[in-house]
Amino acid sequence: MLIQSKYVEKWMEYIRNHPENSTRMTECFWPSQMDSKEWILQQLKNEELFSDNITNIVIFGGWYGILSQLIASYWPGMKITSVDLDASCAEVYKKIHCGDNIKLITDSITSYKYDMFPSIVVNTICEHVTQEDYSLWWDNLPVGTKYIIQGNNYFECDEHIRSSESLQHFLEQNYAVDCLYSDTLDCGNFNRYMAIGIKI
């Protein structure tokens with residue numbers, strides 16, 4: 001995985017200078033978290049799924065913008081919008097800030113308004129939202145948009161209110177039955193699911 005040194009330096013500087021938030025910040029770098037992000041990067045480089053003319057990405061559940069910064073390591077000119085309901089995420093990124101092409105927005109998946117047609121929309125928090133809220137997010141996704149969605153079968157976490165029992169269950173829950181790509185990532189004590197498709 002390519003990670004520009006400027007991002008690593010900023011992450012470590014933030015953790016060193018903000019010990020009160022270091023535990024939460026380092027959770028972004030758990031093996032399962034990084035493996036899930038690298039999985040997205042691998043597929044974004046898949047020419048059979050994505051062309052070279054990707055200009056902008058919107059990420060829901062972007063947290064502190066780590067996935068955004070990893071994407072920017074490969075595509076430095078891409079416009080990246082990272083959306084998270086937690087206002088502290090945008091405040092953290094203001095301190096990490098590594099470029100004007102990444103914008104963190106505090107908003108919910110149900111109320112976010114697209115300011116342009118997105119090349120790709122990524123939703124990494126399928127297990128964190130109710131079926132009603134996911135359906136509202138899906139209905140708001142512009143027709144013709146390529147999407148990447150991830151979820152898991154880790155029911156033991158209280159924050160996971162809509163985990164999936166299997167890959168097929170995940171696809172059905174998230175309206176991705178006719179997707180272009182789907183697979184399972186073994187994360188040790190749970191599985192991560194991913195689907196890539198086009199909203200029709």
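Lys-94 and Glu-91 sit 3 residues apart in helix α5 (residues 87–96), which puts about one helical turn between them. In this predicted model, the two side chains form a salt bridge, with 3.2 Å between the closest N and O atoms. It is one of 4 salt bridges found by a search of the whole structure. Helix α5 also lies across strands β2 and β3, so a tour of the charged pairs leads naturally to the sheet.

**The pair within helix α5**
- Lys-94 is exposed, at 58% relative accessible area.
- Its partner Glu-91 is partly exposed, at 40% relative accessibility.

**A pair between a loop and a strand**
- Asp-115 and Lys-103 also form a salt bridge, and here the closest N and O atoms are 4.0 Å apart.
- This pair ties together distant parts of the chain: Asp-115 belongs to the loop between β3 (102–106) and β4 (120–123), while Lys-103 lies in strand β3, and 12 residues separate them.
- Asp-115 counts as exposed, with 54% relative accessibility.
- Lys-103 is partly exposed, its relative accessible area being 35%.

**A pair with a buried partner**
- Arg-24 forms a salt bridge with Glu-27, and their closest N and O atoms are 2.7 Å apart.
- Is Glu-27 buried or exposed? Glu-27 is buried, with a relative accessible area of 17%, which falls under the 20% cut-off.
- Arg-24, on the other hand, counts as partly exposed at 35% relative accessibility.

**The sheet**
- If you trace the strands across the sheet, you will meet 7 of them in the order β3-β2-β1-β4-β5-β7-β6.
- The sheet is open, and its pairing is mixed.
- Which strands form the edges? They are β3 and β6 (181–186), each of which pairs on one side only.
- From one strand to the next, the twist averages 15 degrees.

**Around strand β3**
- Strand β2 (residues 79–84) runs parallel to β3, and 5 bridges join the two.
- Thr-81 has Lys-103 in β3 as its bridge partner.
- Lys-103 therefore takes part in two kinds of link: a strand bridge with Thr-81 and a salt bridge with Asp-115, with Lys-103 itself being partly exposed.
- Helix α5, home of the Lys-94 and Glu-91 pair, runs at about 150 degrees to β3.

Terms used. Residues numbered from 1 in each chain as written. Predicted model: local features only at pLDDT ≥ 70, side-chain atom pairs only at ≥ 80, totals over all residues. Heavy atoms only, no water. Buried < 20%, exposed > 50% of the residue type's maximum accessible area, 1.4 Å probe, protein only. Helix = DSSP H or I, 4+ residues; strand = E, 2+ residues; numbered from the N terminus. Pairing = 2+ DSSP bridges. Axes fitted to C-alpha atoms, helices over the stretch in contact; angles between N-to-C directions. Contact = heavy atoms within 4.5 Å.
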